[in-house]
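Trainee: I have a structure to work through. Can we take it step by step, from inner space to charged pairs?

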Amino acid sequence: MNNPQDVPKLKLDAKKWGLLFDVRRSVRYHDRRRAFFEQLHRITSLLTIVMAGSFLFDLGKDGDAADWLKYLSAFAAACAAIDMVIGFSKRSNLHADLREKFAMLEIDMVTEDNSDQHLQGYLKRRLLIEKDEPPIYRVLDGLCRNELLIAEGYNRKDHRSYFFRCNRFQRFTSQLFRWDNVFSA
């Protein structure tokens, strides 16, 4: 089943397909947020350990510690403090949990009956999951939308109006700023 044409397509009306698309986009979104926070936590932990050891080693030597090492150690301490306050690993776990809930909803939508009665249940489950979500980073959400559109077989050339557009700076800072006023499909 390596060929996309071999994968059976679901027969869904527009409303059901839209819900499934949104759930799949949410899986991608939370996966990216989880990976972002995991990476921040790893970098902060590594920096803290390396710099704490280097600073202590330098203090043990005769003479003063190099100024650059003091500043770098202060930076590492600040990063560790930010990690403790913001809780990168805690946020990573939140997004991993949300991703898992959306993925389970997707599995149920694909494998269960797609009647209108089930659709109402899926909508309710989605809303229950979304109530636990932190505010959405709009550019990142748009980028996940684009990624999913491509995965679904759409291309930018023929379906330009479906794709979210942003500039490189917004793309680069999509995990840092919410860019609330920038959503256009």
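Mentor: Start with the cavity lining. This is a predicted model. By class, the lining of the largest cavity has two polar residues, one charged residue and five nonpolar ones.

Trainee: Which residues line the largest cavity, and which helices each supply at least two of them?

Mentor: The lining is made by Leu12, Lys16, Leu20, Met109, Asn114, Ser115, Leu119 and Tyr122. At least two lining residues each come from α1 (14-60) and α3 (116-130). The helices asked for are α1 and α3.

Trainee: How much space lies in the largest cavity?

Mentor: The structure holds one cavity of 30 Å³ or more. The space in the largest cavity is about 50 Å³.

Trainee: Which residues are closest to the centre of the second largest pocket?

Mentor: The second largest pocket holds about 300 Å³ of space. Its lining counts 17 residues, divided into 13 nonpolar, two polar and two charged. Helices α1 and α2 each give at least two of the lining residues. Closest to the centre are Leu40, Ile82, Ile86, Phe88 and Leu176.

Trainee: Is Ile86 buried, partly exposed or exposed?

Mentor: Ile86 sits in helix α2 (residues 67-111). With Ile82 and Val85, Ile86 makes a nonpolar surface patch of about 280 Å². The relative accessible area of Ile86 is 35%, so Ile86 is partly exposed.

Trainee: Are Arg25 and Asp22 buried or exposed?

Mentor: Their side chains meet in a salt bridge, 2.9 Å from N to O. Both lie in helix α1, three residues apart, about one turn of the helix. Arg25 and Asp22 are both buried.

Trainee: Which residue in helix α4 forms a salt bridge with Arg25?

Mentor: The closest N and O atoms of that pair are 2.9 Å apart. The pair links distant parts of the chain, helix α4 (residues 138-151) and helix α1, 116 residues apart. A network of salt bridges links Asp22, Arg25, Arg126, Glu130 and Asp141. The partner in helix α4 is Asp141.

Trainee: How many residues apart in sequence are the parts that Asp31 and Arg99 tie together?

Mentor: The side chains of Asp31 and Arg99 meet in a salt bridge of 3.5 Å, N to O. Asp31 lies in helix α1 and Arg99 in helix α2, so the pair ties together parts separated in sequence. The parts are 68 residues apart.

Trainee: And how many salt bridges does the structure hold?

Mentor: Side chains of opposite charge can pair when their charged atoms come close. Asp31 with Arg99 is one such salt bridge. The structure holds 16.

Conventions. Residues numbered from 1 in each chain as written. Predicted model: local features only at pLDDT ≥ 70, side-chain atom pairs only at ≥ 80, totals over all residues. Heavy atoms only, no water. Patch = residues over 30% accessible without salt bridge, like charges linked within 9 Å, V, L, I, M, F, W, Y side chains within 5 Å. Areas by Shrake-Rupley, 256 points an atom, 1.4 Å probe, with all protein chains shown as cover. Salt bridge = Lys/Arg side-chain N within 4 Å of Asp/Glu carboxyl O. Helix = DSSP H or I, 4+ residues; strand = E, 2+ residues; numbered from the N terminus. Buried < 20%, exposed > 50% of the residue type's maximum accessible area, 1.4 Å probe, protein only. 1 Å grid on protein atoms, 1.4 Å probe; cavity = no way out; pocket = protein on both sides within 12 Å on 5 of 7 lines; lining within 4 Å. Points joined across faces, edges and corners; volume = space filled by probe spheres on them. Nonpolar A, V, L, I, M, F, W, Y, C, P; charged D, E, K, R; others polar.
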